[in-house]
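Take a moment with the structure below. We will follow a few strands first, then turn to the aromatic rings.

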Amino acid sequence: MAALRSEMTMGNIYVRALSASRTRGRLIFGPLSVACALGRTGISHEKREGDGATPSGRYRLLQVLYRADRIQRPITRLPVCALKPHDGWCDDPRHGRYNRPVRLPFSASHERLWREDHLYDVVVILDHNQKPRSLGGGSAVFCHLARPGYLPTEGCVAVSLADMCRLLAMADKTTAIHIA
């Protein structure tokens, strides 16, 4: 980690898997160093739809979504939008809205963003597989809230609510997340 800290800059978030567990990691952003959950199959250099992997690479933080009925608007310099019950995300590689937000009900396969659990009370949309978009290259790769015990995600990076709030307070439109 000392070598990693020497190469870091304040505008970058770094995520690394812990050697003991491919599904647990460390997220480092300036002075912030916190636990995070990773995809159920660890980090992959060849992300595919449904593989459960967190994709390696560098991704910009595009927008923050949050449940206004559950938490206050996050303090951040990123664009912020309150989620609505009809918000979804297309995960069907055969559909023209693949890896894009959609309004529910939606006929193709999708993920509901308005969830009963608390994982998406705060969601940061990353620019993974956005431009250019590769059909089947993975969808709905976000930074969101972790399950208790930092159980694995379906391919996202997840942190606690307290850590998410600290991260967002430091982030801006130049911030990128580096997953390796």
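Start with strand β11, residues 122-126, and strand β12, residues 142-145. The two run antiparallel, and three bridges join them. One contact to look for is Ile125, whose bridge partner in β12 is Phe142. Keep Phe142 in mind, as we will return to this residue. Note that the model is a predicted one.

Strand β12 also pairs with strand β13, residues 157-159. Here the sense is parallel, again over three bridges. On this side, look at Cys143, which stands opposite Val157 in β13. Strands of a sheet pair through backbone hydrogen bonds, and the sense may be parallel or antiparallel. Both senses appear around β12: antiparallel with β11, parallel with β13.

Now the rings. The structure holds two aromatic pairs. In one of them, Trp89 meets Phe142 edge-to-face. Their centres are 5.2 Å apart, with 85 degrees between the planes. Trp89 lies in strand β8, residues 87-90, and Phe142 lies in β12, so this pair ties together parts that are 53 residues apart in sequence. Are these two residues buried or exposed? Trp89 is buried, and Phe142 is buried too.

Tyr120 and Phe142 form an aromatic pair as well, also edge-to-face. The distance is 5.8 Å centre to centre, and the planes stand at 80 degrees. Tyr120 sits in the loop between β10 (110-112) and β11, 22 residues from Phe142 in strand β12, and the pair links these distant parts of the chain. Tyr120 is buried, like Phe142. Put together, Trp89, Tyr120 and Phe142 make one aromatic cluster.

Two arginines lie over ring faces. Arg115 is placed over the face of Tyr120, at 4.7 Å from the ring centre. Arg67 is placed over the face of Trp114, at 3.5 Å from the ring centre.

Go back to β8, the strand that carries Trp89. It belongs to an open sheet of three strands, in the order β9-β8-β10, with antiparallel pairing. Which strands stand at the edges? They are β9 (101-103) and β10; each has a single partner strand, so one side of each is left without a neighbour in the sheet. On average, neighbouring strands of this sheet are turned by 40 degrees against each other, direction ignored.

Finally, look at how β8 meets β9. Three bridges hold this antiparallel pairing. Asp87 has Arg103 as its bridge partner in β9.

Note on methods: Residues numbered from 1 in each chain as written. Predicted model: local features only at pLDDT ≥ 70, side-chain atom pairs only at ≥ 80, totals over all residues. Heavy atoms only, no water. Pairing = 2+ DSSP bridges. Helix = DSSP H or I, 4+ residues; strand = E, 2+ residues; numbered from the N terminus. Phe/Tyr/Trp six-rings, centres within 6.5 Å; stacked < 30°, edge-to-face > 60°. Buried < 20%, exposed > 50% of the residue type's maximum accessible area, 1.4 Å probe, protein only. Lys NZ or Arg CZ within 6 Å of the ring centre and 35° of its normal. Axes fitted to C-alpha atoms, helices over the stretch in contact; angles between N-to-C directions.
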